[in-house]
Structure formats: structure tokens, C-alpha cells
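User: I would like to understand how the labels used for a protein model are justified. Could you take me through the reasoning step by step?

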Amino acid sequence: AFGLLRGYDVTRKEWMDAGDLTKEAISLLAEHHHTASLAGHGPGSGKPFFLYIHYIDVHEPTFPPEEYRQRFPASDGEAHGKKHSRWNYGYDYDPEDPDFQSFREHKIGLYDAALRYIDDQIQYLAGYLESKGLLDRTVFIIASDHGEEFWDHKEFERNFHLDPRGLSGVGHGQS
């Protein structure tokens, strides 16, 4: 709809978690490394190539693999669950409510775990590039479209921004 896929030789637009996406990227690099060296372009030919990877794991629903969820435990000892993967607390909440505090802590833990999962996948991709002799000739550009808010700036946003959803300080995309 926005023309974002124009101009690429190969595109994939289905949702994948960071691990599957990295495996797909490596598979594409391996495939094109062989064919490109024969054709004289892309990775393997010495000529520039462009690979864009959009990791989506920190967006809702935020639910990284179990081993990553365990690395960022909440203080209540309860396991991070699917109930924490969505923004279930909106604008009207009591910041002193223990249920809210627990939910927020779990939500932050899931976000941190998903971000670590992505970090590890980028490191894995860099390792692959290094093993193929491409890392020294590779430029990584890491950008973020926006961050997440964990009810940190509710009053500021309520007073100075108009969030049409009425969820100031929650989620992403409004500030």
C-alpha cells in the first residue's frame, strides 16, 4: 500500500520472530552469496549489497522465547505470561495498586527480554557475516521507529499532548 517493497530483488513481508527472521536473512545471504559470485554482484562478488531486516519482537504482542523471559524475572516470582503480552491497563489506573505495579513490571521484563533476543540475533548475524569474510565490509545501521512507554509520562502527555486513543503514557506511537 505504501510502496515500501519497490526496488528490492527479494522481499518477505510475513511476520517472523527475531530468530526465524535472522535464519531467513542468513539463508538469503547464503543463497545470494553463491549465485552472486557467479553473476558478479551482491555478497560474494565484492560489490555492494543491501539487506534490510525489520525486527518486530518488541511490538505487541511482546512474547519472547522462554529462555529470554526467564532472564528478566519480575520480583513477584510469577512467570511472564500471555496476559502480560498486551497493554491491558489503560489510562485510568492507580499507580499504587499492587496488581498494576506487577503488570507493569512484567511488561517491562517482556520488553527487555524481547530486546535482548533481538540483540542476540544481530550478534548471530554478525557472526555469520564474519565467517564469510563480509563483516569488515559491512555497515550495520540500527534504527528504531519509536520506543515503548510503560506509564512513565502519563501526566506530562495528558497535559501537553493529545493522544486520540486516550492512553497517554501507554504503549507506543503517540509521543
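Analyst: Let us begin with S85, in what is a predicted model. Leaving aside its neighbours within four places in sequence, S85 is in contact with E60, P61, T62, F63, K107 and L110. S85 itself is found in the loop between α2 and α3 (98–131).

User: Why is S85 called buried?

Analyst: The relative accessible area of S85 is 5%, and buried means under 20%, so S85 meets the condition and is called buried.

User: What makes the approach of the S85 side chain to K82 a polar contact?

Analyst: The side chain of S85 reaches the backbone oxygen of K82 at 2.8 Å, and a pair of N or O atoms has to be within 3.5 Å to count, so the distance satisfies the definition.

User: P61 was among the contacts of S85. What is the peptide bond from E60 to P61, cis or trans?

Analyst: That bond is cis, with omega near -10 degrees, and P61 is found in the loop between α1 and α2 (66–69). As background, most peptide bonds are trans.

User: Which residues have the most contacts inside the largest nonpolar core?

Analyst: That core has 19 residues, and those with the most contacts inside it are A18, Y55, V58, W87, I118, F150 and W151. α1 and α3 each supply at least two of its residues, while the largest share, eight residues, comes from α3. Apart from this core lies another, of six residues, among them L29, L125, L129 and L134.

User: How do you know that F150 is buried, as a core member must be?

Analyst: F150 has a relative accessibility of 8%, and the limit for buried is under 20%, so F150 counts as buried. F150 lies in strand β1 (residues 149–150), and W87 is in contact with F150 as well as with W151, V170 and G171, among others. F150 and E105 are 45 residues apart in sequence and 9.0 Å apart in space, C-alpha to C-alpha.

User: Why is F2 called exposed?

Analyst: F2, which is found in the segment before α1 (18–39), has a relative accessible area of 73%; exposed means over 50%, so the label exposed applies to F2.

User: Which residues form a nonpolar patch on the surface with F2?

Analyst: F2 forms this patch with L4, L5, Y8, F50 and Y52, and together they have about 760 Å² of accessible area. A member of a patch needs over 30% relative accessible area, and F2, at 73%, therefore passes that cut-off. In soluble globular proteins, nonpolar side chains tend to be buried together.

Note on methods. Residues are numbered from 1 along each chain as its sequence is written. This is a predicted model: local features need pLDDT of at least 70, side-chain atom pairs count only at pLDDT 80 or more; totals for chains, interfaces and linings use all residues. Side-chain values use heavy atoms; hydrogens and water are left out. Patches are made of residues with over 30% relative accessible area and no salt bridge: like charges are joined within 9 Å, nonpolar side chains (Val, Leu, Ile, Met, Phe, Trp, Tyr) within 5 Å. Accessible areas come from the Shrake-Rupley method with a 1.4 Å probe; for residues, only the protein chains shown count as cover. A salt bridge is a side-chain nitrogen of Lys or Arg within 4 Å of a carboxyl oxygen of Asp or Glu. Helices (H or I, at least four residues) and strands (E, at least two) are DSSP runs, numbered from the N terminus. Buried means under 20% relative accessible area, exposed over 50%, partly exposed in between (1.4 Å probe, protein chains only). A polar contact is a pair of N or O atoms within 3.5 Å; within protein, one must be able to donate a hydrogen and the other to accept it, and residues adjacent in sequence count only if both atoms are side-chain atoms. Contact means heavy atoms within 4.5 Å. A nonpolar core is a set of buried Ala, Val, Leu, Ile, Met, Phe, Trp, Tyr and Cys residues joined through side-chain atoms within 4.5 Å.
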